[in-house]
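Colleague: I have some questions about the labels in this model. Can you take me through them?

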Protein chains: 2
Amino acid sequence: MSGRGELAVLLATAYRVTVDDLHRHLADVGHPGLRPAHGFAFWYLSHHDDATSVDLAAHLGVTKQAAAQLVDELDRLGYVTRGVHPRDRRARTVRLTAKGRHCVEQVVAYWADRERRWAKLVGPSDLRTVRNALRAYVADAPTGLKPRW
Amino acid sequence: MSGRGELAVLLATAYRVTVDDLHRHLADVGHPGLRPAHGFAFWYLSHHDDATSVDLAAHLGVTKQAAAQLVDELDRLGYVTRGVHPRDRRARTVRLTAKGRHCVEQVVAYWADRERRWAKLVGPSDLRTVRNALRAYVADAPTGLKPRW
DNA sequence: CGATATAGTCAAGGCGCTTGTCGATCGACA
DNA sequence: TGTCGATCGACAAGCGCCTTGACTATATCG
């Protein structure tokens with residue numbers, strides 16, 4: 001790597017490694033076969049009561065049908081349940097089950113551990129620098145290019 | 001964002017923003033409809049003469065058939081040509097055309113510009129810190145989890 | 001109240017991958 | 001040199017994760 005574009009490759013690699021290792025870890029602790037979209041959905045559902053497929057679709061940046069399919073799948077796997085919406089007879093709510101919540105907890109714990117490990121590698125001060133620099137980079141992104149999650 | 005897992009989201013967002021903006025830029029300069037796999041393929045082809053579909057497949061981490069399909073597509077779009085392999089009658093070489101090389105140049109220029117811009121946002125010293133921290137993070141990844149590109 | 005919008009569901013299609021197979025060529029070994 | 005197993009590209013079919021289209025029931029607004 002000649003140096004030019006190295007940051008791009010590092011970002012891509014870091015992201016990919018992050019995702020792959022997280023999913024390997026989740027399989028190890030009883031949650032096999034999950035993928036990034038599941039993770040983003042869990043995050044959203046863990047912060048929103050009474051979410052609907054359409055809410056989730058907007059958050060994930062996909063169509064409502066794709067979101068519904070994802071929810072179907074998570075339902076089948078036991079991570080979510082659907083129920084009657086309290087205020088809209090057309091809609092159905094999507095809620096995490098205990099299994100879904102356990103999964104979210106595992107992700108949170110995983111990330112706490114990874115950050116500790118990274119801080120030990122480069123020092124807490126440098127990790128703060130990384131965080132701030134990434135924040136600046138993302139904030140500088142052209143409008144409309146921010147992923148919704 | 002409560003702070004826990006923030007780095008994960010920042011990495012994911014930075015990566016996604018990077019890829020999206022690069023592809024928007026490439027469309028602007030005459031290369032519409034490209035996707036990340038194309039970029040990785042271009043990078044490989046620009047560093048390897050006489051590459052074959054199987055070489056590319058290994059590099060991209062996909063099957064030889066998927067790589068061949070990608071090459072078909074790039075051939076159709078005018079980014080690569082195929083030829084006789086100098087040493088193996090079974091194989092065919094894949095080479096970048098002038099259009100392909102132009103695209104690679106645009107990517108390199110794009111990244112030079114983005115890095116300059118990022119350095120201006122956070123300071124060159126902090127950007128160095130980011131680079132070193134990402135290198136450390138990636139080097140610390142569990143074996144077998146390094147993406148091939 | 002009527003017209004328009006919206007939620008979920010069902011259906012079909014597209015794209016980018018996968019696995020399987022085949023004939024031609026290669027490489028190793030006796 | 002001949003044989004056998006491996007490998008290359010190409011062809012074929014299938015799968016997963018999205019998309020668009022359509023429909024009925026419900027909601028919203030003037």
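**Labels and their reasons**

Modeller: Start with the DNA, and keep in mind that this is a predicted model. Sugar or phosphate accounts for 59% of the atoms of DNA strand D within 4 Å of the protein, and bases for the rest.

Colleague: What makes the contact between B:Arg92 and a phosphate oxygen of DNA strand D a polar contact?

Modeller: The distance does. A polar side-chain atom of B:Arg92 is 3.2 Å from that phosphate oxygen. The cut-off is 3.5 Å, so the pair counts. A base nitrogen of DNA strand D also lies 3.0 Å from a side-chain N or O atom of B:Lys64.

Colleague: Why is the pair of B:Phe42 and B:Tyr79 called tilted?

Modeller: Their ring centres are 5.2 Å apart, and the limit is 6.5 Å, so they pair. The planes meet at 50°. Stacked needs under 30 degrees and edge-to-face over 60, so tilted is what remains. B:Phe42 is in helix α2 of chain B and B:Tyr79 in the loop between α4 and β1, so the pair ties together parts 37 residues apart in sequence.

Colleague: Why is the pair of B:Tyr110 and B:Trp111 called edge-to-face?

Modeller: The angle between their planes is 90°, which is over 60, so the label fits. Their centres are 6.1 Å apart.

Colleague: How do you know that B:Trp111 is buried?

Modeller: Its relative accessible area is 3%. Buried means under 20%, so B:Trp111 qualifies. B:Tyr110, at 7%, is buried too.

Colleague: What makes B:Lys99 count as lying over the face of B:Tyr79?

Modeller: B:Lys99 lies over that face at 4.6 Å from the ring centre. The distance limit is 6 Å, so that value passes.

Key. Residues are numbered from 1 along each chain as its sequence is written. Chains are lettered from A and ligands numbered from 1 in the order in which they are written. This is a predicted model: local features need pLDDT of at least 70, side-chain atom pairs count only at pLDDT 80 or more; totals for chains, interfaces and linings use all residues. Side-chain values use heavy atoms; hydrogens and water are left out. Rings of Phe, Tyr and Trp (its six-membered ring) pair if their centres lie within 6.5 Å; planes under 30 degrees apart count as stacked, over 60 as edge-to-face and the rest as tilted. Helices (H or I, at least four residues) and strands (E, at least two) are DSSP runs, numbered from the N terminus. Buried means under 20% relative accessible area, exposed over 50%, partly exposed in between (1.4 Å probe, protein chains only). A charge sits over a ring if NZ of Lys or CZ of Arg is within 6 Å of the ring centre and within 35 degrees of the ring normal. A residue is near a molecule or strand if one of its heavy atoms lies within 4 Å of it. A polar contact is a pair of N or O atoms within 3.5 Å; within protein, one must be able to donate a hydrogen and the other to accept it, and residues adjacent in sequence count only if both atoms are side-chain atoms.
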